[in-house]
Amino acid sequence: MNPAARGLPGGLDGLPARAYQWWQAAFGWLDRRFRPGLAALSARWRRSLQLRVATTTILVTSFIVLLIGQFLVDQIGNGVLKAKRDASITQASLGLEAANAAFDGVAPGDPVNIRDAVDKIIATPTQSTATLGGGALFSKVVRSVDQAVNRQLPVSQPIPDALRRQVDRGTLAVQYAPVRTPGQPGEVPGLIVGQPMTTQAGAFELYYLFPLTAEQRTLGLVQRTVLIAGLALVLLVAMIAALVTRQVVRPVRVAAQTAGRLAGGELSQRIKVSGEDDIALLGESFNDMANSLQQQIQRLENLSRVQQRFTSDVSHELRTPLTTIRMASELLYTRREDFAPELARSVELLSNELDRFESLLADLLEISRYDAGNAHLETEQADLRGIVERAVATARPLADRHGVELSCELPDEPVVAEMDARRIERVLRNLLGNALDHAEGRPVIVRVAADSASVAVTVRDQGVGLRPGEAALVFNRFWRADPSRSRLTGGTGLGLAISLEDVRLHHGWLQAWGARGHGAVFRMTLPRVAGGQLSGSPLPLEPPGVLA
């Protein structure tokens, strides 16, 4: 369809689309130009109490000053105009007698004498001292009721019809209207006073035209004075508000900075206190709190060091007698077939418990390293699939022995990330051992997935599951959901706690989910780059279709 068929002039086809494109381009430029400044201003507004108080004070003060200034200007203006009106009416009333005297001896229908009388009235001095501010120039206009006579009279300025109708009724009338100032071009705001005049020569109308130039200058001066005084008052109040707010905000900022340094470990930081006011009382209370916290933290640190040293020392000291007992146990274990059945069974139990005791000592030593902050990563690029396969292969004999199906779902592509393979494999062995402990003979499923920023593994069992709130407790040391349950793997109770520390050392997540009758899920999420920050996981924690 051509442009003419659509009612568009030729060459304007597509103009709405181009206009929309132009608008989009202009809006995009404005957005890019002003958005950073607006964002910075918004952030400053949120963070600065002093800015908010000063701005609010300026706005409120400006509104009040505006109202008061408007009221003052209106009152002064009304007063000036009322005084001018009263003086103008008085001047017109005084001039009426002189105007009547000018018509003495003038016969009706004598245009020459009437014109002379009118010229005499108009030529009377046009300056009055009865107005505000001293002398005020004005002009006069005389009109006749008789239109024939009226055409012979000089007309220096037009008179509004509405004012003439009021004067025709025989009353004095006043109206604000533009007037011409003698000797100056153009019109200015003015006041016209009209009144009827009865003479020997006939009925006339006498009008006094007062320019309001002086009153306008007076009102302008008043407005400028009020505006300047209002701006000065607003700025003064803003400065006072900023100064007062600074006296309050500055100690609060100092307290916040000191609190931040205390949180960062600088326990010796204190607030300098001066004076005896409420701010000084706040500083003293803060310093007392900091002293108490420092003492408590030092006490806890000392206690923690004692506990760590005790655990480490006990673990190391137990290794020597444990080695001797292990040698004796192995000797008895190799000859258990020569013993009576009950003695042979005791030797087997002794060997199993010694294995568990060695694992417990190893875990205690590992926990003590974490508590002392001596654990370090040895990262390398590794394929998570191979680590999962090795952990599953280690756990599969135990799963087969207890009739638990252990399946593994791995992606076809490599799942490479920077990690400490030894620690991650230990985490997976602990998760698999925990899942087999609680599988109740049902399948255990291991899944692996990855995205551009992270890799993840989930281990799900379909056993008894967890009660509400227990998902946050499973990583506590020596915690068991049901103490009466026996362990299939003979665990030490520290496996999940160590696993959590291993994953945290990688800046990763180790999370648990569980529901009664639906089993439990443990998810490990690691960043692809060592030390990276996680924003999500490629695998869901809660199985789809399951309500906790």
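# Close-up views of a predicted model

**View 1. Asp-420, Arg-423, Arg-426 and Asp-502 are joined up in a network of salt bridges.** Keep in mind that what you're looking at is a predicted model. Start with Arg-423, whose side chain meets that of Asp-420 in a salt bridge, 3.4 Å from N to O. Arg-423 also forms a salt bridge with Asp-502, and here the closest N and O atoms are 3.1 Å apart. Arg-423 sits in helix α10 (residues 421–437) while Asp-502 sits in helix α11 (residues 495–505), so this pair ties together parts that are 79 residues apart in sequence. Are these residues buried or exposed? Asp-420 and Arg-423 are both buried. For Arg-423 the relative accessible area is 5%, and for Asp-502, also buried, the value is 0%. Across the protein, the count of salt bridges comes to 13.

**View 2. Helix α11 holds a salt bridge between Glu-501 and Arg-504.** These two side chains meet with 4.0 Å between N and O. Both residues belong to helix α11 and lie three residues apart, which is about one turn of the helix. How accessible is Glu-501? Glu-501 counts as partly exposed, with a relative accessibility of 23%. Right beside Glu-501 in the numbering is Asp-502, which is buried at 0%.

**View 3. Five strands make an open sheet with mixed pairing.** Reading across the sheet, the order is β8-β10-β11-β13-β12. Which strands sit at the edges? They're β8 (406–409) and β12 (509–515), and each of them pairs on one side only. On average, neighbouring strands here are turned by 15° against each other, direction ignored. Helix α10 packs on this sheet and touches β8, β10 (444–450), β11 (454–461), β12 and β13. The direction of α10 makes about 170° with that of β13. That's the helix you met in the opening view, where α10 carries Arg-423.

**View 4. Strands β12 and β13 run antiparallel, side by side.** As a bit of background, strands of a sheet pair through backbone hydrogen bonds, either parallel or antiparallel. In this case β12 pairs with β13 (residues 519–527) over seven bridges. Want a spot to look for? Leu-510 has Met-524, in β13, as its bridge partner.

**View 5. Strand β9 has a covered face and an uncovered one.** This strand takes in residues 416–419. Which residues are on which face? Ala-417 and Met-419 make up the covered face, while Val-416 and Glu-418 make up the uncovered one. Strand β7 (residues 380–383) runs antiparallel to β9, and four bridges join the two. Across from Val-416 in β9 you'll find Asp-383.

**View 6. A nonpolar patch shows on the surface.** Its members are Val-60, Phe-63, Ile-64, Leu-67, Ile-68, Phe-71, Leu-72 and Ile-76. Together they have about 730 Å² of accessible area. To get your bearings, find Phe-71 in helix α2, which takes in residues 49–102.

**View 7. Val-193 in strand β5 is buried.** The strand covers residues 187–199, and Val-193 has a relative accessibility of 0%. What does Val-193 touch, once residues up to four places away in sequence are set aside? The contacts are Ser-88, Ile-89, Ala-92, Leu-172, Ala-173, Val-174, Leu-206, Tyr-207, Tyr-208 and Phe-210. Take Leu-206: it's 13 residues from Val-193 in sequence, and their C-alpha atoms are 8.3 Å apart in space.

**View 8. Asn-287 is a buried residue in helix α7.** The helix takes in residues 278–334. Asn-287 counts as buried at 12% relative accessibility. Leaving out its neighbours within four places in sequence, Asn-287 is in contact with Arg-270, Ile-271 and Val-273.

**View 9. Now zoom out to the protein as a whole, with its 11 helices and 13 strands.** How much of it is buried? Of the 548 residues, 35% count as buried. The accessible surface comes to about 32400 Å², and carbon and sulfur atoms account for 58% of it. Look at contacts between residues at least 6 apart in sequence, and you'll find that 64% of them join residues at least 24 apart.

Note on methods
Residues numbered from 1 in each chain as written. Predicted model: local features only at pLDDT ≥ 70, side-chain atom pairs only at ≥ 80, totals over all residues. Heavy atoms only, no water. Buried < 20%, exposed > 50% of the residue type's maximum accessible area, 1.4 Å probe, protein only. Patch = residues over 30% accessible without salt bridge, like charges linked within 9 Å, V, L, I, M, F, W, Y side chains within 5 Å. Areas by Shrake-Rupley, 256 points an atom, 1.4 Å probe, with all protein chains shown as cover. Pairing = 2+ DSSP bridges. Axes fitted to C-alpha atoms, helices over the stretch in contact; angles between N-to-C directions. Contact = heavy atoms within 4.5 Å.
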